[in-house]
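Visitor: I'm new to this one. Please pick a single part, take me in for a close look, and then show me what surrounds it.

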Amino acid sequence: MEEEERRKEREKEERLSQERERIAKETKLKEKREARRFAKQGMDEITPKVFDKLTEKGYFYDQVSREIEMIFEPWLLDQVDLQLQQRTLARTLVQNILDAAIDRGRQKFSEAKRFAKEEAERESARQADLAIEQAKRDKEETEASKDQKSDDINSAEEESSGEESYEETEESEEDD
């Protein structure tokens, strides 16, 4: 009996010890769960802030966004700058061509104006020469006409004096 009591005592102690271990394990497990829950809750609050700060500092980035910012945007800006330079050059060339055309047009207009003025002066001089020649001809014709009239008058006078002389001669012959 003693032995049985001892055995029962051992079993009892063993069961008590197992129960204590089980309670200790359960307590430990509860503590771990509680610690995990607390840690998770803290991490849930801290994690976004930490990631935001790390992202701001450049530790985390979107690969596509990074390629766009680092490769595509500089290339695009270079292409736009090149296009603007080409357009500026084209505008400058067109402006130079227009300025040259306007200058040529002004020169041609000046030359045409000068030529027209010279031509008008030549025409005016020619008209003056023609007028002078016409005046000379008119004068010559007038003088010729005067001379003709004078000759006609003289001839008429001579004829009349010739008739008078003839009449006188006839009269004198008759008288004789």
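Guide: Let's start with a term: helices here are DSSP runs (H or I, at least four residues), strands are runs of E with at least two, and both are numbered from the N terminus. With that in hand, our part is helix α2, which covers residues 63-175 and holds V80. Keep in mind that this is a predicted model, where local features need pLDDT of at least 70, side-chain atom pairs count only at pLDDT 80 or more, and totals for chains, interfaces and linings use all residues. Residues are numbered from 1 along each chain as its sequence is written, and side-chain values use heavy atoms, with hydrogens and water left out.

Zoom in on V80. It counts as partly exposed because its relative accessibility is 40%, and that label sits between buried (under 20% relative accessible area) and exposed (over 50%), using a 1.4 Å probe and protein chains only. V80 also belongs to a nonpolar surface patch of about 640 Å², together with V64, I68, F72, W75, L76 and L84. To join a patch, a residue needs over 30% relative accessible area and no salt bridge; nonpolar side chains (Val, Leu, Ile, Met, Phe, Trp, Tyr) are linked within 5 Å, and like charges within 9 Å. The areas come from the Shrake-Rupley method with a 1.4 Å probe, and for residues only the protein chains shown count as cover.

Two of those patch members are worth a pause. A search of the whole structure turns up one aromatic pair. That pair is F72 with W75, in a tilted arrangement, 5.9 Å from centre to centre and with 35 degrees between the planes. Rings of Phe, Tyr and Trp (its six-membered ring) pair if their centres are within 6.5 Å, and planes under 30 degrees apart are stacked, over 60 edge-to-face, and the rest tilted. F72 and W75 are both in helix α2, three residues apart, so about one turn of the helix lies between them. F72 is partly exposed at 41% relative accessible area, and W75 is partly exposed as well, at 48%.

Further along α2 we reach charged side chains. Side chains of opposite charge can pair when their charged atoms come close. A salt bridge here is a side-chain nitrogen of Lys or Arg within 4 Å of a carboxyl oxygen of Asp or Glu, and the structure holds eight of them. One joins E118 and R114, at 3.3 Å from N to O. These two are four residues apart in α2, about one turn of the helix; E118 has a relative accessible area of 30% and is partly exposed, while R114 is partly exposed at 47%.

Right beside E118, E119 makes a salt bridge with R122, the closest N and O atoms being 2.9 Å apart. E119 and R122 sit three residues apart in α2, again about one turn. E119 is partly exposed at 35% relative accessible area, and R122 is partly exposed at 44%. Elsewhere, salt bridges with shared partners tie E19, R22 and E26 into one network.

Within that network, E19 and R22 have their closest N and O atoms 2.2 Å apart. They are three residues apart in helix α1 (residues 2-56), about one helical turn. E19 is partly exposed at 34%, and so is R22, at 38%. Just after α1, G58 takes a positive phi of about 95 degrees.

Now step back to the whole chain. It has two helices and zero strands. Of its 176 residues, 0% count as buried, and the chain exposes about 16,900 Å², with carbon and sulfur atoms supplying 53% of that. So much for the surroundings; our close-up, V80, is a partly exposed residue among these.
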